[in-house]
Every structure is written in structure tokens, then in C-alpha cells.
Amino acid sequence: MARKTMLALLALLLWVAPALAQQAPAAPELPPAPPLAASELESAKRIYFDRCAGCHGVLRKGATGPQLLPAKTRALTTPVLKAFIVNGTGGGMPDWGRQGILTDAESDLMARYIQHDPPVPPELGMAEMKKSWNVIVPPDKRPTKPEHNRDWKNFFAVTLRDAGQVAIIDGDTKEIVNTVKTGFAVHISRSSFSGRYMYTIGRDGRATMIDLWMKIPDKVAEVKPCSDARSIDTSKYKGKLGDFTDKLAVIGCYWPPQIIVLDGATLEPKTVISSRSMTYDTMEYHPEPRVASIVASHFKPEWVINIKETGLIWLVDYSDLKNLKMTQIQGEKFLHDGGWDSTKRYFMVAANMANKVVVIDVEKGKLEAIFESGIKPHPGRGANWIDPKFGPVNGTPHLGEGKVTVYGTDPAKHKESAWKKVRELKTLGGGGLFIKTHPKSKNVWVDHALNGDPAIQKQVCVFEKANMDKDPKCWKVSDKGRAVHFEFNKAGDEVWISVWGKKDGKSEIVVYNDKTLQEVARIDDPRIITPTGKFNVYNTVHDIY
């Protein structure tokens, strides 16, 4: 009987299935990928790496920007994709074509390229890394004291993005001391704890070590342990657990997704730690969890390492590399950039696609708080100041909306406002990349570098710390490019702003008096090509922002 019932059910299913198939709407068939010549493929791969991978991912699975896999991109079609590439979006994607950074032909090429399956870059093991390792000046051949009379603690390391260089500029005289060939599109520069060395990391994964004591500061070592990277830092702890000053450096790779610990004096790779693991929430394996910001703790011999796609914050104890200890803290996706509060106890990192800020207590080694910020927060290292009403605070601008969220950072004496939004300051629009202040400054500076309006891109706004309810003062920094990134000098009385122009056009650095907001210098040397980040030695050593 059971067998007859089964046969009857099977017959019924065979009879009903065609009718159901006719009723259910069929998924639209995707168009084939548009043609792409071999030479075009190589060109598109370079452009994608340079302009797109940071937001959309090497494997195009998305993060700050959406995923760009063929099932989605082919459905959008080439004309629609090209329009996005040319004009940008309100969510923070630059208008590559309208700016003239990509030609019309290149915009069309990229619209076609992202409809193809993404190529997977090769992995890099220790043997491949060491092939790229180069000690240009051995430690015993380096100067034992500064070979010049300049105040090297007031040097600025300035990223010359598209030139693949870093300019070392004297903060007192505004002279370019040297332009050093580094990795391409240096994302960040970090000082050793002594301040003598400046470590840079290029988007192409090349790390460079610059000795500021040399008569003409120049690189003394380099290594390329990644094909794509964003973060580097050094060992800053000195205390009961040992003195690690200038002993180690660490690099976080976007691809391959891993962490490299290096000898601080030579950049020799010492150990590799994969960042591949499960996501913190759904516990699904992720093949490309990129290493975002890294900071060095002042409380312990630890690095705070943020794993973007998995939403995990790693506290890596570097005191014993052969018996590595690590604490994993569940945070939020997608972790990006952040910095310390004024006490250096709390690390605050933006989970930009989650519209949240995650706070870590490094003294206790645990999660402190997670709170809503705004659409795509992007604080850089953030900014610390004393609010007349709420006490110690920090703030972040946003890529997706025109506001600065201000939140309390003092759970000891201002518990009622700690890790809560206490103010929302209106800016000229979204696309804010950086915010900056200084303990000696009376102001908080904010940019709009990725705003879609060319007029707004060129402007900065300044809020008075003592009167946050007052409208900010905003003005145009230059007739060209984008006004981006702030850095104070060692004394805390000058603010340096990059004017990020086209590679073959006009770029410059504009210096303002923080008290009067008057321009005091304009560094428009032809060697200043697409300047972006600027890092003052003294402020970087002491994490002053």
C-alpha cells in the first residue's frame, strides 16, 4: 500500500511540476560579459587596484562600497555602471570621470571589466616576502646622532600619492628636505616610538623605513610582504614588561589577508599571522578578511588590530613571538579606521558600513561599547577635546551625510555622556574623511574631500570647542583639487591641509594659523604631486589628535 501511495504522489508531482514552472516567474537571463581584450584586462586590473579595491575588495565582495560581482553588475549593464563611475554617488564614491582622474575610455573599460569574474591574486608566503626584503643601510652604518641641525621632531611625512613618494618637509621652514621613493599611494606613515624612523606602507604592500637622522633623510630598508595593504605601526610599549622601543613593526595586509611582524631596525619579516576566520555574527568562513587599522597600545606590549570583514578586534601580544598570545573581541562589521581617546586607554574604531563606532578598553582587554554614529563614519584617527558641557569627547565626520557626531569618552567622571552621542554638528555635506584638533587648539577642523560637489570638496569647516552651538566657519582652501586631511605642527599652532589635485595638475599644501584661521604658507613646489596624508613626527609618536 505504501509503495502504491508513493507512486501516486510521484505521478501527481510529475503532472503538477510543469504547471508550477509555468506560473513561477523565471529569473531573467543575464547578458553575457562584454568583450575585453587581453591588453584591456591588464590595464583594468591596475586601475581597479588603484582606485576601487580599497572600498569594494580585491575579490569584489564589498565593504565600504557594495559588492561588484557579475550577477549584479551584468544586470546593471555597461551604460549604468559607467554613469556611476563617471559621476560618483551620494554615499561617498568619488566621481572619477567628472574629476578627470579616469578618461571616458577608462570609465567605459572599468564598466565592462567589473562584469567579468574577478581575478584572484596570488598568495604570498615567507619565502616570497624575503625576496623583496632589502636593507639599504645596515643599522651599524647609520648615524649615531642627527647629521643636521633641523628640528626633526617637527618634520612632516607627506604622502605624494600618485608619485609613489613621501616628502619629508621641515615644519619650521616649510622646506622639502627630501622626496623618498616608497610604495605606491602610501596610505599611512607611522613614527617609531623614538621618533627617529618613519615607517610607510603603500597601497601596493611595500613598506619603507626612513631614517630622519641622516643628513638628507632617506630610506634605509624596505620590504613588500603584501600586494595590497593599508596599515603599519611599531612597538611603543616601555614599562615593567620590557622595553620594546623601536624593536618591532607590524603590517596589516588587504591581500593576502594576513599580518606580518617585522624586525623594527631592518624590516626583516619575522612571522606571519593569517586573518582568515569566521565572521563574528553568523560564524561563516570569510576568504578575504582584510586587516584595517592598527595601533600600538601604551598600556601593554600589544597591537590593536582590526579585521574588517569578520568584525573582530585582535589584541596581539608581541612580547613573545614564538609563543604568541592573542585576544579576539567581537565588534561589528566593517571595521575601518580609528584612534585613541585622550587617556590612550580606549580605542575607538568606525564600523563604517554598520554606521557604528566600536570602543575597546585596552587596559582590561575587552569590549567597552558599541553605539550608532551616522551613515558611514570615517574619523581617520579622530579628534579629542574638552566639551564645556559634556567633558572629554571625540568626534567623527561621515561619508554618507553632512554631520559630525560628537560622543563622550570619559566613563570615570562623565558617565552619563560616555559612549553616547552628545552633539550632532552640521557640515556642508557628506564625504567627510577627516577631523582633527590638538590639545593647544581652540578649534576642531573637518573636511568634505569625497563630497560629490566640486565646490564643497574644496572647503573645510572649523568649529569652536568652547561654543559648539555656533555655526562653523567654512571656506574654500584652493581653486583646485580637494581639501583633504589635517595635521598640526609640533607646537600645535599651525594646521596643514593638503590640496589633492590631479596627477598632472596643480597640488599644494596650505598652512593656517589655528588661532586666527589666517593662511601663513602655501607649499606649491612642483614636487608636491597629489598630496594626501600628512604625519608630524612628534604628534604621531605621542598619538596626539
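Reader: Which residues make the nonpolar surface patch of about 320 Å²?
Author: The model is predicted: local features need pLDDT of at least 70, side-chain atom pairs count only at pLDDT 80 or more, and totals for chains, interfaces and linings use all residues. Numbering starts from 1 along each chain as its sequence is written, and side-chain values use heavy atoms, leaving out hydrogens and water. Patch residues have over 30% relative accessible area (Shrake-Rupley, 1.4 Å probe, only the protein chains shown as cover) and no salt bridge (Lys or Arg side-chain nitrogen within 4 Å of an Asp or Glu carboxyl oxygen), with like charges joined within 9 Å and nonpolar side chains (Val, Leu, Ile, Met, Phe, Trp, Tyr) within 5 Å. This patch of about 320 Å² is made by Met-278, Met-283 and Tyr-285.

Reader: In which strand is Tyr-285?
Author: Strands (E, at least two residues) and helices (H or I, at least four) are DSSP runs numbered from the N terminus. Tyr-285 is in the strand of residues 285-286, β16.

Reader: How many disulfides does the structure hold?
Author: A disulfide is a pair of cysteine sulfur atoms within 2.5 Å. Cys-226 pairs with Cys-253 at 2.0 Å. Cys-461 pairs with Cys-474, also with S to S 2.0 Å. The number of disulfides is two.

Reader: How many residues apart in sequence are the parts tied by Cys-226 and Cys-253?
Author: This link is left-handed, with -55° about the S-S bond. Cys-226 lies in the loop between β8 and β9, and Cys-253 lies in strand β12, so the tied parts are separated in sequence by 27 residues.

Reader: What is the torsion about the S-S bond of Cys-461 and Cys-474?
Author: Cys-461 and Cys-474 are joined by a disulfide. Their link is right-handed, because its torsion is about 105°.

Reader: Which strands hold Cys-461 and Cys-474?
Author: The pair ties together parts 13 residues apart in sequence. Cys-461 lies in residues 459-464 and Cys-474 in residues 473-476, so the strands are β31 and β32.

Reader: Is Cys-474 buried or partly exposed?
Author: Buried means under 20% relative accessible area, exposed over 50%, and partly exposed in between (1.4 Å probe, protein chains only). Cys-461, at 0%, counts as buried. Cys-474 has a relative accessible area of 27%, so it is partly exposed.

Reader: Why is Cys-52 not bonded to Cys-55?
Author: Cys-52 is buried, at 15% relative accessible area. Cys-55 is partly exposed, at 38%. The closest cysteine sulfur to that of Cys-52 is in Cys-55, too far for a bond because the distance is 8.8 Å.

Reader: How many aromatic pairs does the structure hold, and what is the plane angle of Trp-303 and Tyr-318?
Author: Rings of Phe, Tyr and Trp (its six-membered ring) pair if their centres lie within 6.5 Å; planes under 30 degrees apart are stacked, over 60 edge-to-face, and the rest tilted. The structure holds twelve such pairs. Trp-303 and Tyr-318 are a tilted pair, 4.4 Å centre to centre, with planes at 40°.

Reader: Where do Trp-303 and Tyr-318 lie?
Author: Trp-303 is buried, at 1% relative accessible area. Tyr-318 is buried too, at 2%. They are 15 residues apart, with Trp-303 in strand β18 and Tyr-318 in the loop between β19 and β20.

Reader: Which residue lies over the face of Tyr-254?
Author: A charge sits over a ring if NZ of Lys or CZ of Arg is within 6 Å of the ring centre and within 35 degrees of the ring normal. Over Trp-255, at 5.4 Å from the ring centre, lies Arg-276. Over Tyr-254, at 4.7 Å from the ring centre, lies Arg-290.
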